[in-house]
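Here is a short briefing for a first look. Take in the sequence and the fold, then read on by topic.

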Amino acid sequence: MNDMEAKVRELRQLQALIEEAQAEAETIKDAIKAEMGDRETLTAGEYKVTWKAITSSRIDTAALKRAFPDVAARFTKETTVRRFCVA
């Protein structure tokens, strides 16, 4: 086995561990949220947990493109990124 294959194998194993830990963390978060109900704050020993509603405004780009395609085109900025994927 070459060195690069070993690195990729280790990366895949670590990614699987991270996914498992994230799923476990989400389960714990859901249990805490269930306990909180409608409350925004909870104190658990030395820890303070907050779960607050946040309102934000976003532009509906699909609707903007339909209603004002020329304006949307003038303010559209194209970016290029490289996506890293291990299959």
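The protein has 3 helices and 2 strands. From the N terminus on, these elements run α-β-β-α-α. The radius of gyration is 22 Å, well over the 12 Å that the globule rule gives for 87 residues, so the protein is more spread out than a compact globule. Keep in mind that this is a predicted model.

**Overall shape and surface**

- The C-alpha atoms fill a box of roughly 55 × 55 × 20 Å, taken along the principal axes.
- Of the 87 residues, 3% count as buried.
- A residue has to fall under 20% relative accessible area to be called buried.
- The accessible surface of the protein comes to about 8700 Å².
- Carbon and sulfur atoms account for 54% of that surface.

**Helix 1**

- Helix 1 covers residues 3-36.
- How far should the 34 residues of helix 1 span? At 1.5 Å a residue, the expected span is 50 Å.
- The end C-alpha atoms of helix 1 are 49 Å apart, which agrees with that expectation.
- Asn2 caps the N-terminal end of the helix. A side-chain oxygen of Asn2 lies 3.2 Å from the backbone nitrogen of Met4.
- Just after helix 1 comes Gly37, with a positive phi of about 60 degrees.
- Gln15 is one of the residues in helix 1. Gln15 counts as partly exposed because its relative accessibility is 31%, and the partly exposed class runs between 20% and 50%.

**Salt bridges**

- How many salt bridges does the count come to? The count is 3.
- A pair qualifies when a side-chain nitrogen of Lys or Arg lies within 4 Å of a carboxyl oxygen of Asp or Glu.

*Asp3 and Lys7*

- The side chains of Asp3 and Lys7 meet in a salt bridge, at 3.6 Å from N to O.
- Asp3 and Lys7 are 4 residues apart in helix 1, so about one helical turn separates them.
- Is Asp3 buried or exposed? Asp3 counts as exposed, because its relative accessibility is 52%.
- Its partner Lys7 counts as partly exposed, at 47% relative accessibility.

*Glu5 and Arg9*

- Arg9 and Glu5 form a salt bridge through their side chains, at 3.5 Å from N to O.
- Arg9 and Glu5 are also placed 4 residues apart in helix 1, so about one helical turn lies between them.
- Arg9 is partly exposed, with a relative accessible area of 39%.
- Glu5 is partly exposed, with a relative accessible area of 37%.

*Glu26 and Lys29*

- A salt bridge joins the side chains of Glu26 and Lys29, at 3.3 Å from N to O.
- Here the spacing is 3 residues within helix 1, so Glu26 and Lys29 are separated by about one helical turn.
- Glu26 has a relative accessible area of 39% and is partly exposed.
- Lys29 has a relative accessibility of 43% and counts as partly exposed.

**The two strands**

- Strand 1 takes in residues 41-44, and strand 2 takes in residues 47-50.
- In which sense do strand 1 and strand 2 pair? Their pairing is antiparallel, over 4 bridges.
- Leu42 stands opposite Val49 in strand 2.
- Thr43 stands opposite Lys48 in strand 2.
- Together, strand 1 and strand 2 form a hairpin with 2 residues between them.
- Gly45 sits in the turn of that hairpin and has a positive phi of about 65 degrees.

**Distances across the model**

- Gln15 and Val49 are 34 residues apart in sequence. In space, the C-alpha atoms of Gln15 and Val49 are 28 Å apart.
- Gln15 lies in helix 1, and Val49 lies in strand 2, opposite Leu42.
- Where is Lys7 found? Lys7 is in helix 1.
- Lys7 and Arg58 are 51 residues apart in sequence and 41 Å apart in space, C-alpha to C-alpha.

Notes: Residues are numbered from 1 along each chain as its sequence is written. This is a predicted model: local features need pLDDT of at least 70, side-chain atom pairs count only at pLDDT 80 or more; totals for chains, interfaces and linings use all residues. Side-chain values use heavy atoms; hydrogens and water are left out. Buried means under 20% relative accessible area, exposed over 50%, partly exposed in between (1.4 Å probe, protein chains only). Two strands pair if DSSP finds at least two bridges between them. The expected span of a helix is 1.5 Å times one less than its number of residues. A polar contact is a pair of N or O atoms within 3.5 Å; within protein, one must be able to donate a hydrogen and the other to accept it, and residues adjacent in sequence count only if both atoms are side-chain atoms. The radius of gyration is taken over C-alpha atoms; the globule rule is 2.2 Å times the number of residues to the power 0.38. Accessible areas come from the Shrake-Rupley method with a 1.4 Å probe; for residues, only the protein chains shown count as cover.
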